[in-house]
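I opened my notebook to keep a record of what I looked up in this structure, entry by entry. I wanted to write down both the place of each feature and how far it is covered.

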Amino acid sequence: MTFRSRLLVAFGGVVLVPLAVFGLGIRREMARRVGAQYERRVTSLVAVIGADVARESDGIAGRLGALKDALAADNRFRVSALQGGERSYLLDYAGSAMRLAGLDFLQILDDEGRVVSSGHFRNEYDRLSAAPPSAGPALVGARTAEGTFLALIRADSLRLGAGTESRGRRFTLVGGVAVDSLFLSRLARDGELAVSVVLPGDSVAPDSAGRVVAELPYVDSTGASVRQARIVVTHSADLLTALQRNVDTWFAAAVLATALIALLLAGWLSTRISRPLTALAGKTAAIDVDRLDVVFESDRADEIGALTRLLGAMTERLRTGAARLRDMERRVALGDLARQVNHDVKNGLAPLRNVFRHLTQVARDEPAQLPQVFAERQGTVESSIGYLETLAANYARLYPQMERKPTDVNAVVREALRHVAGAEHAELRTELPDGLPPVRVDALVLRRVLENLVGNAVDSLEGRPGTVTVATERGDGVVRITVADTGRGMTRPELDRAFDDFYTTKAGGTGLGLSIVRRLVLDSQGALRVETEPDQGSTFIVELPGEGGGGHVAS
């Protein structure tokens with residue numbers, strides 16, 4: 001993620017998270033307070049509605065009491081009801097009495113529960129009806145010619161005939177008022193609250209919260225049974241939902257506006273910061289050892305300006321240090337070349353020195369054998385002189401030019417072992433199997449490698465009797481040359497620095513032998529590795545690609 005992206009994300013988080021927390025908190029607090037307010041209003045209204053229902057019930061009971069007194073004094077009704085005369089009078093009686101009493105529902109039932117007279121629907125005459133509870137209000141589903149309606153009723157009773165109250169027939173008066181929308185709106189007294197009647201089998205709407213005012217017995221229009229109905233106060237959640245929707249809309253608008261402002265501000269700030277940083281990065285990427293002419297200039301007073309000036313000062317120091325480094329490299333290169341020439345010339349002169357020492361000894365002890373010995377050692381003298389002439393020709397070009405051609409490894413090993421100096425105390429062993437494939441390498445380079453490795457192996461014996469073994473073998477596409485000794489070996493720190501230039505553990509050594517060996521093996525596309533243990537000796541393994549083989553990376 002880029003710096004600009006991180007800055008934009010950070011600005012968005014810093015601005016939007018608190019705003020979101022604030023908006024959600026307001027929404028939750030609004031819902032809680034509106035809900036609590038509705039709860040208080042519903043609680044207050046429940047108590048009022050309960051009193052209104054009780055008052056309405058008492059009013060109905062009072063009117064039924066007046067009707068009962070009028071009915072007891074009406075001889076015509078008593079004669080018609082008890083003796084069966086004037087049926088039309090009975091049918092019309094309840095209707096007239098209902099209108100005079102201001103009721104919407106009125107039935108007169110005999111002691112068997114049959115309708116003697118019905119004020120709201122004459123056709124209910126002689127129908128068997130379930131008697132409502134005599135104590136307290138109840139609800140009834142009343143039938144009319146147009147349909148059914150719900151009524152709040154009360155019941156009362158009286159006895160007629162037989163001279164005494166206890167011996168006459170019992171008649172029941174059931175009267176009430178219609179529970180319609182007008183009645184319920186009078187109970188509600190609040191446009192945001194609603195009063196409804198929940199009959200058996202009904203349920204409150206899922207988007208409303210209801211509080212039961214009272215539970216009343218309910219007789220349906222069939223009159224078959226008496227069950228419980230409820231008067232419920234409900235308030236719709238539409239207002240709260242609308243408020244929440246408005247809050248969500250304004251909150252979304254505020255979030256979008258804030259996010260836009262935050263993005264614009266973050267984009268401007270990130271551009272002001274990232275653009276100079278990108279320019280600095282581009283200039284810094286262009287800096288190289290061979291390219292230190294990059295100029296860092298800035299007149300800004302902030303941290304970016306300070307960084308620019310710091311990079312400029314650093315580049316100036318690098319220019320000065322690079323000039324000094326180049327001068328030191330030239331001097332080191334000349335010194336390295338001089339030491340390498342000295343090392344290679346000493347390797348070439350050592351066989352000559354041994355030959356002349358031998359000739360001197362023969363001339364002193366056996367002068368007559370001198371011509372024969374000279375003839376035997378002439379090949380060594382000529383080989384060493386040829387080696388030195390080749391070195392001179394190579395160094396005349398400042399760097400040895402390799403002549404890669406098929407070379408017999410065993411022949412070069414035998415030639416190199418004839419020129420090893422100071423090996424009187426060492427037992428030189430060879431394991432040179434026949435049939436090795438030739439390797440494509442410069443024979444002089446391979447001889448220099450072997451002379452250095454065998455010479456180091458002899459020196460590791462430190463004048464004590466020991467064994468130096470040179471072996472060759474065929475590998476997987478390579479020819480492997482192994483130089484093993486039984487000398488002092490190397491510790492881990494010595495092994496880590498063995499191939500460094502000018503590092504040596506021998507008195508008078510130049511420290512170039514193994515570094516030259518490693519470079520020559522790498523230039524020949526070969527590989528070199530070492531196995532060594534202190535006081536157990538060392539084994540140097542050189543792998544060179546066979547004729548047609550690939551190159552190897554040094555270990």
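Entry 1, a charged pair. I looked up E427 in this predicted model and noted that E427 is partly exposed, with a relative accessible area of 40%. Its side chain meets that of R429 in a salt bridge, with 3.0 Å from N to O. For R429 I found a relative accessible area of 43%, so R429 is partly exposed. I wrote down the cut-offs behind this wording, because a residue counts as buried under 20% and as exposed over 50%, with partly exposed in between.

Entry 2, salt bridges elsewhere. How many salt bridges does the structure hold? I noted 23 of them, and I followed up the one in which the side chains of D110 and R169 meet at 3.9 Å, N to O. This pair links distant parts of the chain, since D110 and R169 are 59 residues apart. I placed D110 in the loop between strand 1 (105-109) and strand 2 (115-118), and R169 in strand 5, which covers residues 169-178. Is D110 buried or exposed? D110 counts as buried, because its relative accessibility is 12% and the cut-off for buried is under 20%. R169, with a relative accessible area of 30%, is partly exposed.

Entry 3, a network. I then looked up R464 and E462, whose side chains meet in a salt bridge of 3.8 Å, N to O. Which residues are joined into one network by salt bridges that share partners? I listed E462, R464, R488 and E494. As for cover, R464 counts as partly exposed at 45% relative accessibility, and E462 counts as partly exposed at 48%.

Entry 4, the two sides of a helix. In helix 4, which runs over residues 181-188, I found that F183, L184, L187 and A188 are buried. Why do they lie on the same side of helix 4? They cover an arc of only 140° around the axis, which means that they are on the same side of this helix. I added a general reminder for myself: an α-helix has 3.6 residues a turn, so residues three or four places apart point the same way. On the face of helix 4 turned away from its buried side, I noted the exposed residues S181 and L182. Following helix 4 comes R189, and its phi is positive, near 60°.

Entry 5, more positive phi values. I kept in mind that most residues other than glycine have a negative phi, and I then looked up Q525, a residue other than glycine whose phi is positive, near 65°. Q525 lies in the loop between helix 11 (513-523) and strand 14 (527-533), and Q525 is partly exposed, with a relative accessible area of 43%. D535 is not a glycine either, and its phi has a positive value near 65°. I found D535 in the loop between strand 14 and strand 15 (537-545). D535 counts as exposed, because its relative accessibility is 64% and the cut-off for exposed is over 50%.

Entry 6, a nonpolar patch. Last, I asked which residues form a nonpolar patch on the surface. I wrote down L277, L307 and L310, which together have about 240 Å² of accessible area. One of them, L310, has its place in helix 6, made of residues 303-365.

Definitions and conventions: Residues are numbered from 1 along each chain as its sequence is written. This is a predicted model: local features need pLDDT of at least 70, side-chain atom pairs count only at pLDDT 80 or more; totals for chains, interfaces and linings use all residues. Side-chain values use heavy atoms; hydrogens and water are left out. Patches are made of residues with over 30% relative accessible area and no salt bridge: like charges are joined within 9 Å, nonpolar side chains (Val, Leu, Ile, Met, Phe, Trp, Tyr) within 5 Å. Accessible areas come from the Shrake-Rupley method with a 1.4 Å probe; for residues, only the protein chains shown count as cover. A salt bridge is a side-chain nitrogen of Lys or Arg within 4 Å of a carboxyl oxygen of Asp or Glu. Buried means under 20% relative accessible area, exposed over 50%, partly exposed in between (1.4 Å probe, protein chains only). The arc is that of the directions from the helix axis to the C-beta atoms.
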